[in-house]
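Welcome! Here are some exercises to work through with the structure in view. Try each task yourself before reading its solution.

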Amino acid sequence: MSRLADKIQDVFNEPGCATNQVKSEKQRKKGCSKPLQPGGAAGGCAFDGAKIALQPIVDVAHLVHGPIACEGSSWDNRGVKSSGSKLYRTGFTTDMSENDVVFGGEKRLFRSIREIIAKYDPPAVFVYQTCVPAMMGDDIVAVCKVAAEKFGKPCIPIIAPGFVGPKNLGNKLAGEAMLDYVIGTQEPEVTTPYDINIIGEYNVAGELWQVKPPLDELGIRILSCLSGDARYHEVAQSHRARAAMMVCSTAMINVARKMEERYGIPYFEGSFYGISDTSESLRQIARLLIARGADPELMDRVEALIAREEAKAWAAIKAYTPRLEGKKVLLITGGVKSWSVVLALQEAGLTIVGTSVKKSTKEDKERLKEMSPDVHLIDDLRPREMYKMLKEAQADIMLSGGRSQFVALKARMPWMDINQERSYAYCGYVGIVEMVRQIDKALSNPIWDQVRSAPPWEEVTWEARADAANAADAAQSAAAAMPAARVA
Amino acid sequence: MAKIVTQTKSCTVNPLRMSQPLGAALAFMGLRNAMPLLHGSQGCTSFGLVLFVRHFRESIPMQTTAMSEVATVLGGFENVEQAIVNIVGRTKPDVIGICTTGVTEIKGDDLDGFIKVVRGNHPELANVALVPVSTPDFKGAFEDGFAATVAKIVDVLVEGPAPGAARDPAKLNVLAGSHLTPGDIDELRDIIEAFGLVPTFLPDISGSLDGHLPDDFTPTTHGGVSVAEVAAMGRAGHTLALGEQMRKAAAALEAKAGVPFTLLQRLTGLAASDELVATLAKISGRPVPQKYRRQRSQLVDAMLDGHFYFGGKQIAIGAEPDMLLNIGGWLADMGCSVAAAVTTTNSPALAQVPSDEVLIGDLEDLETRAEDCDLLVTHSHGRQASERLGVPLFRVGIPMFDRLGAAHQVAVGYRGTRDLIFAIGNLFIANIKEPDVDAWRSAAVDPDQVDAPATAH
């Protein structure tokens, strides 16, 4: 366990993280997440985070060492897509019984690895540690080592049991496992000066494939994505890339930075959400590749592509402006993930009336105020208040994750999913247009008038009640003002 | 008599089973203004939350004691106490249902003892019911957790009858197993009320998880049976226990308050529906209403129309014991043969499943056994096997995340059975292979292909 504790300290100590750089030594040790509040916590555990980060590696057998709770209710429940093997969608678990709890689960784990290799022959088995065996002291590193030697197959221990922390920590610990056991263990057959890694992109709903065509057109090869639609060998060979783009900054910054340290692969933090961010990311990729020996004419081709695609995308979005002009959006995400999404929404005529800033930095908040002076910055929006806000129609549509979906729908408000369970892809130049199209589709659906209508036999609707209450208030204040007027 | 076999392989592949705490949480969600609280790492709750949200397409109340590694090792009393205080402060529930998980069971956290201390420390919580239940996720399954919870709710919340107090013969307790949907419970309520009886369902997920628009947003369950209604169950004239899993709770209710019970293992099919209706006629002393005589007649007609398509079909079912017995038994009644039966946990119900063998296993086992079957019956996770085998899938149970209306799938009583014949019969019809000359040539080899009237087009 001390090994894990060191690992966690190491991850907390991330020098690549801007927030971390300004912290004191003591603050840094405490880590990046607030302590969880019993009875008031929401969100996944470290194991969940590790699984989210690695499961998109599609040809690997992902084996969860623990009781049925950890895999039984969560397997095959994410919308990440594969262009080949479907093995990542198979749920493997040691499903520890009472017997294993008494006598230890290592033997069952070893036999499970053997069964998986015999039946499914994957290029590697990833073994995820969970709370129960961690507490019992099952040494999955040792089991993986023995199994790898015995079966001649990489068996990779992913040590992120749920109780060590939240999802975000699990993302990073998963990245550490890749650094320790996978990256750099194989050599690619060929390399080109145009090879890149994309780190922290999971190919939710096929989003990676929205940005692949422009990269293909530019002759830029994704040597490895960590981990969307990835193959084991691609991750193992990723140390030969010339440059890297880090997509989801909080998730795997440790991987990007350590790959720069170990293999000299420069990285930048970018996003494929929104038009300007997509363009900026393409320029950055080109810049880094050129700095490492790619032909500088690449930049001209990038600029030409950007000019063409931006014009197309803006034109497509502009077409929605007459329909979306003045519509108010409540944007609830973990933090403002992408400024260019806000830009694109504004271009389409939408106004951001409120956004959650729980995970945003001070600069984020200031920038947001600048862009949209009337915006409500919401720190900890409880469902009840969200419901009230929507019901009082301070917004026309809510964009959020699935968790708050029913708050919006029950208030009879249009809602659109922008989190990881979403079924539409919103990346790159085509994705942002798709997002605007989906917003339009949600807003213009004819059900809204119908679902808000009161049944014919109902005498008082909630709108009428609200109007009446407002009228009563107004009448009361008018009455209060009246005597004064008379005296005058 | 089916032989019950336990899988001996080490690695579970494509789990059918879910853990006890989730079954427990669902049972608590059938109480009004309730908050289920899982005593474990926050992931235990978060996985369950996502599962139920996707199944019911509803906000789901569920909290966690958010055990860290250190707290787990030292013991979780403080986390449980803080969680209860915070939940009461934030959401004002009438009842908190506290379920253990794997880690806190291993540590040996004694929830009953914890709650005694919490009660002592916090007199201000006196009007909040606290129901602890032991649900380690390294043994048993969803159904076991659900059953244990209902028994514990009876134990903690039902009041013994006051001496000399009269029973109300019109009041009927209904202990509803985890195989029943909100739609099933609504249907049963209609049937029971038609006999002039006043049912109290425990748990009653038809009020809380049936997908309706509440007047205000509450973070706890908005609907379900109230703590006061549960307390009064001891004064009812009779208890109906639905599903073998409810036997323990029914026996607890009988022991505590002297309410006699009738256990109905199945509710789908003609004979099962007859038994339900006859039981209600007997309890109420009333004749069977005209409406149900008519529905019975419609069901008989549906059986006559449908039997062509069901007869001789090979079915592979993966479901929890009570669901397996109910659906498997009914399919056998319709002339199907249950060629493969896989379940999650042991139960006295299993011996009666009309199959040579019932395997306690996973969906990989079901897939291997379903190769030559005509229909796969299991929850949504059967979708991959269905695709690979080219065998149609009929979804039953939890989770059902890739179809609408999971809460309103009704399979009980005459009308429920009639509609189920249509739903599954139509799946068979949609999959009829049109005979052509080659089919007739090979008919001698594979006679199954041409024995149903070809009305698919």
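Contact here means heavy atoms within 4.5 Å. Keep in mind that this is a predicted model.

**Exercise 1. Get to know chain A**

Find out what share of the contacts in chain A between residues at least 6 apart in sequence join residues at least 24 apart.

Solution.
- Step 1: Take the contacts in chain A between residues at least 6 apart in sequence; 70% of them join residues at least 24 apart.
- Step 2: Look at the makeup of the chain, which has 23 helices and 13 strands.
- Step 3: Turn to burial: of the 488 residues in chain A, 55% are buried.
- Step 4: Add the domains, namely domain 1 (42-181), domain 2 (195-317), domain 3 (321-449) and domain 4 (456-488). Between the C-alpha centres of domain 1 and domain 3 of chain A there are 35 Å.

**Exercise 2. Place a lysine**

Decide whether Lys153(A) is buried or exposed, and list its contacts beyond its sequence neighbours.

Solution.
- Step 1: Locate Lys153(A) in the loop of chain A between helix 9 (140-151) and strand 4 (155-158).
- Step 2: Compare its accessibility with the cut-off: buried means under 20% relative accessible area. Lys153(A) has 15%, so this residue counts as buried.
- Step 3: Leave aside the neighbours within four places in sequence; Lys153(A) then touches Ile117(A), Asp121(A), Pro122(A), Pro123(A) and Ala148(A).
- Step 4: For another distance, try Phe103(A): 50 residues separate Phe103(A) from Lys153(A) in sequence, and their C-alpha atoms are 27 Å apart.

**Exercise 3. Follow the salt bridges of Lys7(A)**

Work out which parts of chain A are tied together by the salt bridge between Glu176(A) and Lys7(A).

Solution.
- Step 1: Check the pair: the closest N and O atoms of Glu176(A) and Lys7(A) are 3.2 Å apart, and the two form a salt bridge.
- Step 2: Place both ends. Glu176(A) belongs to helix 10 (residues 167-181) and Lys7(A) to helix 1 (residues 2-12), so the bridge ties together parts of chain A that are 169 residues apart in sequence.
- Step 3: Compare the partners: Glu176(A) is buried at 1% relative accessibility, while Lys7(A) is partly exposed at 23%.
- Step 4: Look for another partner. Lys7(A) also forms a salt bridge with Asp180(A), at 2.8 Å from N to O. Here too helix 10 and helix 1 of chain A are linked, by residues 173 apart.

**Exercise 4. Join the two chains**

How many residues of each chain take part in the contact between chain B and chain A, and what area is buried there?

Solution.
- Step 1: Count the residues: 60 of chain B are in contact with 63 of chain A.
- Step 2: Turn to area. The size of an interface is often given as the accessible area lost when the parts come together. Between chain B and chain A, about 5,400 Å² is buried, with carbon and sulfur atoms giving 55%.
- Step 3: Search for charged pairs across the interface; there are 5 salt bridges. Asp95(A) and Arg17(B) form a salt bridge, with their closest N and O atoms 2.8 Å apart.

**Exercise 5. Look at the surface of chain B**

Find the residues that make a nonpolar surface patch of about 320 Å².

Solution.
- Step 1: Pick out Val70(B), Val73(B) and Leu74(B), which make this patch.
- Step 2: Locate Leu74(B) in helix 3 (residues 69-74) of chain B.
- Step 3: Check its accessibility: Leu74(B) has a relative accessible area of 67% and is exposed.

Conventions:
Residues numbered from 1 in each chain as written. Chains lettered and ligands numbered in written order. Predicted model: local features only at pLDDT ≥ 70, side-chain atom pairs only at ≥ 80, totals over all residues. Heavy atoms only, no water. Patch = residues over 30% accessible without salt bridge, like charges linked within 9 Å, V, L, I, M, F, W, Y side chains within 5 Å. Areas by Shrake-Rupley, 256 points an atom, 1.4 Å probe, with all protein chains shown as cover. Salt bridge = Lys/Arg side-chain N within 4 Å of Asp/Glu carboxyl O. Helix = DSSP H or I, 4+ residues; strand = E, 2+ residues; numbered from the N terminus. Buried < 20%, exposed > 50% of the residue type's maximum accessible area, 1.4 Å probe, protein only. Domains from an automatic or database assignment. Buried area = accessible area lost by both parts, 1.4 Å probe.
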